[in-house]
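Pull up the model and let's take a walk through it. We'll look at an annotated stretch, then at how the chains meet, and then at the empty spaces.

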Amino acid sequence: MKIPISHRSTQRQQRLFFLGMLVLFIPCLFYLDLSYGQFASGLERIPDMARQMMHLSFEELPKMLRELLTSIIIAFLCVVLSVLISLLLAFVVARATTPNRYVSAALRAMIVIIRTIPTTIWVLLAVASMGFGPMAGVVGLLLPTIAFLIRVFSDQIDEAGRDTAEAIRSVGGTWWHVVCNGLLPTLLTGFLALIAFKFEITVAETVILGIVGAGGIGVLLQGYISFYEFAPLMLGMLLVFITLFLLEMGTNLIRTKLAGKGSK
Amino acid sequence: MEPLLSIQQLTKQYNKQHTALAGISLDVSRGEFVAVIGPSGAGKSTLLRSINRLAEPTSGSIAFEGVRVEQARKKELRQVRANIGMIFQHYNLVYRLSVLENVLHGRLGHMSSFAGMFSRYSEADKEEAIRLLRKVGLENEIYKRADELSGGQKQRVGICRALAQKPSLILADEPIASLDPRSSKIVMDALRANCEEQGITCLVNLHQVDVAKRYATRIVGIKAGKVVFDGPPSELHEGYIEHIYEGKEHEQFSITNTEGISA
């Protein structure tokens, strides 16, 4: 007889999980009523679309660059404002440093609510209330960005800050001493890496959110798509790709630099 | 003379099942060097942390220099804490700051939020901090980052931070539990010598009975949240030790054994 090697209940759980997925998959497939004819005709159009896309037109380049810059600036303003607000609130939310448990719990609940509503909807709300343009972009992105940053900051404070907080408290330091003398020096490099990461994500988001009217290059892309202008669309997509690629490289560089210096 | 620290019927209940302290009474006079011994989970740590209220006691009273610690309000509690130095098992330094800044943190309890936040320590405080570091043999490490130091060096910084407070009481929670025997000796010597010299009373949690006997002027044995021995080291006979570590003998022996090997 073969000797069993796996952990019984883990194996059973995993099998049950995959079985459940399979059982759900079949009714789902029929529910959507996917049309294969549509798929096939779409395939036929690809060569034609590709041909049009190959005609790169640089006519719109200056306009696109200007809008791209707007996108990046929207993201930058939004991240800077969010950092200012969340840096303080994170210490109020984190369990290791909160001055009041009920305030912390209330803020936590608010963050959960903000984060369960997709960013696109926040921006749509902002657009609906203050009209199209960059202002709606900044305001709409603000809440989800703040919520994200508070969440990741406070997690780091709870994870790494308990001992330090205790040390400063034991010498009779105030809350501000715990935060400014103990925790910020310890956590700041980690925070900077998170901020760089969030900036990168936010730029990508502003491009998409431009499509719903939040200003920036997304607005132009949306226009090209609705009028089937594939040539400038291609250029726009290329620009976005290059920007995000460079940004990714840049933030990676910042992150490894910061992580390397604080070797633990 | 009124004792420096007077603990009466102190209890701490973490939850219904877990009682850490089951009514501890203890008076500590000025100048004593008290070692608290007992197996892990006996409540040594909770006892020490209740004294400066890093842990909130459930009932009982703690009087330090005539102030009722368990009733102290925010500002009062800060003043109490400023006069009690604490040394941690895991050092609890701010590892991204310099050694000197870590020692200066001992002054924060005597400073306003604003002055502390912007690290505006007085020149006199800085000189004193450097003097303390020299005394424990860290004169070459003053401007190093705290994470560059070895364990024994980190703990000496911890001692300097506590001394910088100019406290009347020092609480040391397992200060040598993470150190090798040689570093342990340096750390205990530094702690003992400085306390004696400046007349600081000291309460040290220790795992190692032999270390407790060598350094302490008084030993308190704790078992299951109760004081089961309280007296000078000379009176701590084998019978008491066996009683304190009953059922957990391996903890006591394993430590004495490893010390025997490396010595």
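**A tour of chains A and B**

Start with the record: an unreviewed UniProt entry annotates residues 5-249 of chain B as "domain: ABC transporter". Keep in mind that this is a predicted model. Within residues 5-249 of chain B, 36% is helix and 24% is strand, and the C-alpha atoms at the two ends of the span sit 31 Å apart.

Now turn to where the chains meet. On the chain A side, 22 residues make contact, and they touch 30 residues of chain B. The size of an interface is often given as the accessible area lost when the parts come together. Here, chains A and B bury about 2100 Å² between them, with 55% of that on carbon and sulfur atoms. If you want to find the big contributors in chain A, click on A:Ser170, A:Val171 and A:Asn181: they supply 28% of the area that chain A buries against chain B, more than any other three residues.

How many salt bridges are counted between chain A and chain B? The count is one. The side chains of A:Glu166 and B:Arg49 form a salt bridge, with 2.4 Å from N to O.

Next, the open space. The largest pocket holds about 1100 Å³. It has 29 lining residues, and those closest to the pocket's centre are A:Thr98, A:Pro99, A:Arg169, B:Glu56 and B:Arg81. Which helices supply at least two residues each to this lining? From chain A there are H4 (101-116), H7 (162-170) and H8 (175-210), and from chain B there is H2 (74-82). The largest share belongs to H2 of chain B, with five residues. As for chemistry, the pocket lining splits into 13 charged, ten nonpolar and six polar residues.

Finally, look for closed space. The structure has one cavity of 30 Å³ or more, and the volume of the largest cavity is about 30 Å³. Its lining is made up of B:Val103, B:Leu104, B:Arg107, B:Asp125, B:Glu128, B:Ala129, B:Ala164 and B:Lys166. Two helices of chain B, H3 (99-104) and H5 (123-135), are the elements giving two or more residues to that lining, and H5 gives the most, with three. By type, the cavity lining has four nonpolar residues, four charged ones and no polar ones.

Key. Residues numbered from 1 in each chain as written. Chains lettered and ligands numbered in written order. Predicted model: local features only at pLDDT ≥ 70, side-chain atom pairs only at ≥ 80, totals over all residues. Heavy atoms only, no water. 1 Å grid on protein atoms, 1.4 Å probe; cavity = no way out; pocket = protein on both sides within 12 Å on 5 of 7 lines; lining within 4 Å. Points joined across faces, edges and corners; volume = space filled by probe spheres on them. Helix = DSSP H or I, 4+ residues; strand = E, 2+ residues; numbered from the N terminus. Nonpolar A, V, L, I, M, F, W, Y, C, P; charged D, E, K, R; others polar. UniProt positions renumbered as here; feature names shortened; annotations may be inferred. Contact = heavy atoms within 4.5 Å. Buried area = accessible area lost by both parts, 1.4 Å probe. Salt bridge = Lys/Arg side-chain N within 4 Å of Asp/Glu carboxyl O.
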